[in-house]
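Let's take a friendly walk through a protein model, one feature at a time. Have the structure open and follow along.

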Amino acid sequence: MTGPLLFCALVGLGTLIAFVGLWRTIKSLDPVEARTKEYAPGSEIPSGGEARLAQRTIRSRLNRLLSGLSLGRRLATALVQADVPLTAAEFAVVILGASALGFLLGTWRVGAILGLALAAVMGGLPVVYLRMMRSRRQRAFSAQLPDVLTMLVGALRAGYGVNQALQTLVDQFRPPASKEFARVVRAVGLGLTVQQALTDMVARVGTDETELMVTAINVQYETGGNLAETLSIISETIRDRIRIEREITVLTAQQRLSGYILGVLPLALAFIIFLINPGFFRPFLEPGWPRMLPVAAVVMQVAGFLIMRRILDIEV
């Protein structure tokens, strides 16, 4: 009895140390440096202290490693689009920590095979959370965009300049629109052009509607013309686009629900059977070819779910 208790205590202590270290890393960020990096990528403000230098060295090594695997830039972009206050290296540490915890728990309870499976599941949970947060934020911004354009058109027709109109959006809207346009206003205040600040906003948001709006504004800056009239037309286009997307979501709701049920049902049924009869799946864990059956089942289940998602992914 002492062995399992000691193992649980060590796992809990290791998890606590990992999260405390991650928390101290996040808290140690200089707010001035973070703000400068946000609006002037690549710039750094030097700060003293050996601990601070060591943390920066570790993060820089992790960032270089992720960049070498061509994952760092994509992960950093996804974190910015989801508005998650972590760097790519820190999020990679979270994934590795969750995978290690799942492997230890699975190995301790059953064996190495379950440990690997649980490590894959728990390591994928942070990625699923990141995708959910990014999709939720993008949908919220797209839903606000028609009203944003309507108010922007009204401000321009009232005689406001572009900077004043953007400040009006910051004052009148809720996040995420107000937060993104506040970043644009601050970036312009730090010396960037309006075109560059809006282009950076497109990268932070990552939606086609935002790119369409910013492209129109940048073209009008270069060629001239009635910006208010152009934005009014784009506003109507985006409203129609959002309406069609919502209609597609309603029409495919039953198929998407069927995909979720078919994806979760085998796992839930296997878990219930395991609770009723723990020895039922023991032959699948013995040495030999039966071990390949659960692996093949999981692979086919995931492949079927991804195919259904791909079929229902209708672009507008």
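## An aspartate in a loop

D83 is partly exposed, because its relative accessible area of 28% falls between the limits of 20% for buried and 50% for exposed. To find D83 in this predicted model, look in the loop between α4 (72-82) and α5 (88-109). The backbone here is worth a look too: D83 has a phi near 60 degrees, which is a positive value in a residue other than glycine.

## The overall plan

How many helices and strands does the protein chain have? There are 13 helices and zero strands, so if you trace the chain from the N terminus, you meet one α element after another. The chain has 316 residues, and 28% of them count as buried.

## The nonpolar core

In soluble globular proteins, nonpolar side chains tend to be buried together. In this model, the largest nonpolar core holds 33 residues. Try picking out L156, F181, M201, M213 and L231, the residues with the most contacts inside this core.

Which helices build this core? At least two residues each come from α6 (112-157), α7 (162-172), α8 (177-189), α9 (194-205), α10 (208-223) and α11 (227-251). The largest share belongs to α6, with eight residues.

## A cis bond between two prolines

Now move to the loop between α7 and α8, where P176 has its place. The peptide bond joining P175 and P176 is cis, with an omega of about 5 degrees.

## A helix with a bend

Next, follow α12 along its 24 residues. From its first C-alpha to its last, α12 reaches 34 Å, close to the 34 Å expected at 1.5 Å a residue. Where does α12 bend? The bend is at L265 and comes to about 30 degrees, with a proline, P266, following within four residues.

## A cavity inside

Rolling a probe the size of a water molecule over the atoms shows where empty space is left. A search of the whole structure turns up one cavity of 30 Å³ or more. The largest cavity contains about 50 Å³ of space. Two elements, α12 (253-276) and α13 (292-312), give two or more residues to its lining.

You can find this lining by selecting Q255, R256, G259, Y260, F305, M308, R309 and L312. Sorted by class, the lining of the largest cavity has four nonpolar, two polar and two charged residues.

Conventions: Residues are numbered from 1 along each chain as its sequence is written. This is a predicted model: local features need pLDDT of at least 70, side-chain atom pairs count only at pLDDT 80 or more; totals for chains, interfaces and linings use all residues. Side-chain values use heavy atoms; hydrogens and water are left out. On a 1 Å grid over the protein atoms alone, a cavity is a set of points where a 1.4 Å probe fits but cannot get out, and a pocket is an open set with protein on both sides within 12 Å along at least five of seven lines; lining residues have an atom within 4 Å of a point. Grid points are joined across faces, edges and corners, and a volume is the space filled by probe spheres set on the points. Ala, Val, Leu, Ile, Met, Phe, Trp, Tyr, Cys and Pro count as nonpolar, Asp, Glu, Lys and Arg as charged, and the others, Gly among them, as polar. The expected span of a helix is 1.5 Å times one less than its number of residues. The bend at a residue is the angle between axes fitted to the seven residues ending there and the seven starting there. A nonpolar core is a set of buried Ala, Val, Leu, Ile, Met, Phe, Trp, Tyr and Cys residues joined through side-chain atoms within 4.5 Å. Buried means under 20% relative accessible area, exposed over 50%, partly exposed in between (1.4 Å probe, protein chains only).
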